[in-house]
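Got your viewer open? Let's walk through this one a selection at a time.

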Amino acid sequence: MPQFRLLVTLHSYFGPSWQLDVQGDTLYWVKSSNGEVVQEKATTLSAAEIDTFIKEAEQSGVFTWEDHYMHCCMLDGATWSLDLQAGNRRIQTRGTNGYPESWPQFCEALKRLAASAENPCEIML
């Protein structure tokens with residue numbers, strides 16, 4: 001399995017915030033609201049789950065995303081950040097009310113990786 005590291009933060013001004021952090025084969029997932037943790041879990045990922053996520057992330061074009069996405073004319077919206085390393089490739093990017101075109105596809109991959117009933121990115125839309 002190639003070296004893998006993932007840290008995603010999603011924050012909505014009017015709603016919940018999420019952090020998804022994968023260290024080694026352990027996924028830590030935290031949802032908070034108004035600064036209070038409302039849900040959290042830690043789970044072990046299989047090599048197959050990590051490989052599937054990497055392939056889906058690649059298909060979304062994540063490694064070609066820009067450094068920053070911003071929608072200039074919106075206040076009190078949402079911010080996000082992503083730090084992903086898969087083997088020798090790495091992307092560090094973020095956004096303020098702006099998203100890459102393939103954001104929904106990437107978010108579906110996150111949802112599957114986290115085995116979440118809800119899509120954490122839905123707070124962003």
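Start at the hairpin made by β3 and β4, where two residues sit between the strands. Click on N34 in the turn: its phi is positive, about 55°. Keep in mind as you look around that this is a predicted model.

Now select both strands of that hairpin. β3 and β4 run antiparallel and are joined by eight bridges. One pair to pick out is L27 with its bridge partner in β4, T43.

Next, go to the other hairpin of β3, the one it makes with β2. Here too, two residues lie between the strands, and G24 takes a positive phi near 65°. Strand β2 covers residues 17-23 and strand β3 residues 26-33; their pairing is antiparallel, with seven bridges. Try S17, whose bridge partner in β3 is S32.

Time to zoom out. How many strands form the open sheet? Seven, in the order β4-β3-β2-β1-β6-β7-β5, with mixed pairing. Select 36-44 (β4) and 68-70 (β5): these stand at the edges with a single partner strand each, so one side of each has no neighbour in the sheet. On average, neighbouring strands in this sheet are turned by 10° against each other, direction ignored.

Over at the β5 edge, colour residues 89-96, which are β7. β5 and β7 run parallel, joined by three bridges. H68 has R94 in β7 as its bridge partner.

Last stop: select residues 47-59, helix α1, which packs on the sheet. Which strands does the helix touch? They are β1 (4-12), β4, β6 (78-86) and β7. The direction of α1 makes about 65° with that of β1.

Key. Residues are numbered from 1 along each chain as its sequence is written. This is a predicted model: local features need pLDDT of at least 70, side-chain atom pairs count only at pLDDT 80 or more; totals for chains, interfaces and linings use all residues. Side-chain values use heavy atoms; hydrogens and water are left out. Two strands pair if DSSP finds at least two bridges between them. Helices (H or I, at least four residues) and strands (E, at least two) are DSSP runs, numbered from the N terminus. Axes are lines fitted to C-alpha atoms, for helices over the stretch in contact, and angles run from 0 to 180 degrees between N-to-C directions. Contact means heavy atoms within 4.5 Å.
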